[in-house]
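Here are some comments on the model, set out as numbered points with the ligand site first and the annotated domain last. Please read them with the coordinates open.

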Amino acid sequence: MITIAERLKIAYDRIAKAIKNSHILGQKVALLAVSKTKPSTLIREAYQAGQRQFGESYVQEAVGKIAELSDLSDIEWHFIGPIQSNKSAQVAAHFDWVQSVDRIKIARRLNDQRPAERAKLNVLIQVNIDDEQSKSGCSLSEVDALAQYIATSDNLVLRGVMAIPKKSDSLNEQQHSFAKLQTCFNQLKSQYDSIDTLSMGMSNDVEAAISQGSTMVRIGTDIFGPRN
Ligand SMILES: *Cc1c(COP(=O)(O)O)cnc(C)c1O
């Protein structure tokens, strides 16, 4: 059976190849290992293979695993799922990054609820890049106001943007979606010094995302196997 370490190596090789093909000078792409629904034993295995950044989507489940892995002091937890108001305090208390902030109300709660003894919370704005009814994320026209709110919040650091594009198997269509997010990212970057993260690309569209300047891909299935 193929190990987590081997799957991670395959994912990093795939990223390296996509970077090479993108011809973007000095492009660096981080890998977020998306461990939602997977047990802490598998996360520990990935950590032991050198992986440090992990993504979770369900607050309750994540908080339990974060506690089980609290001995891993340099592990970095990213929250990537929809945030309900009544769960924001737990997100603010336990995560290093939140990639799914899509409204001012949630940004305000995370800022107010971030524990004083913790470093500032790193925040990405989630954008509903293809205007899909069913998806979370703010519209492109709402990004400016939300960015300004986050950038002026004492306990938050605005790091960039994240999106989950419309499902497509066409490289062209995937690139078209990602290009829209890249434009948004570049505009923010020209306004705020803290912006450095363009989070886009999942197991089925890593190449398209990296070709459009992604700095962080989020991979679950290819590392931990399919979810039920
Ligand atoms: C589940 C999830 C991923 C990982 O998706 P895979 O297709 O398993 O690689 C990435 N990003 C977000 C926001 C997710 O919810």
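1. A residue is taken to be near a molecule if one of its heavy atoms lies within 4 Å of it. In this predicted model, the ligand is surrounded on that basis by Val34, Lys36, Ser57, Ile80, Ile164, Met202, Ser203, Arg218, Ile219, Gly220, Thr221 and Arg227.

2. As to the character of this shell, its residues divide into five nonpolar, four polar and three charged, and the space that the ligand takes is the largest pocket.

3. Three polar approaches to the ligand deserve to be looked at individually. An N or O atom in the side chain of Ser203 is 2.6 Å from an oxygen atom of the ligand, while a polar backbone atom of Gly220 is 2.9 Å from a ligand oxygen. For Arg227, a polar side-chain atom lies 2.9 Å from an oxygen atom of the ligand.

4. How much of the ligand's exposed area does the protein bury? Taken alone, the ligand exposes 390 Å², and the protein buries 89% of that.

5. Turning to annotation, an unreviewed UniProt entry lists residues 23-226 as "domain: Alanine racemase N-terminal". Over residues 23-226 the model's chain is 37% helix and 19% strand, with the end C-alpha atoms 32 Å apart.

How values were computed. Residues are numbered from 1 along each chain as its sequence is written. This is a predicted model: local features need pLDDT of at least 70, side-chain atom pairs count only at pLDDT 80 or more; totals for chains, interfaces and linings use all residues. Side-chain values use heavy atoms; hydrogens and water are left out. A polar contact is a pair of N or O atoms within 3.5 Å; within protein, one must be able to donate a hydrogen and the other to accept it, and residues adjacent in sequence count only if both atoms are side-chain atoms. Accessible areas come from the Shrake-Rupley method with a 1.4 Å probe; for residues, only the protein chains shown count as cover. On a 1 Å grid over the protein atoms alone, a cavity is a set of points where a 1.4 Å probe fits but cannot get out, and a pocket is an open set with protein on both sides within 12 Å along at least five of seven lines; lining residues have an atom within 4 Å of a point. A molecule sits in a cavity or pocket if more than half of its atoms lie within 2 Å of its grid points. Ala, Val, Leu, Ile, Met, Phe, Trp, Tyr, Cys and Pro count as nonpolar, Asp, Glu, Lys and Arg as charged, and the others, Gly among them, as polar. UniProt positions are given in the numbering used here, feature names are shortened, and annotations may be inferred rather than shown by experiment. Helices (H or I, at least four residues) and strands (E, at least two) are DSSP runs, numbered from the N terminus.
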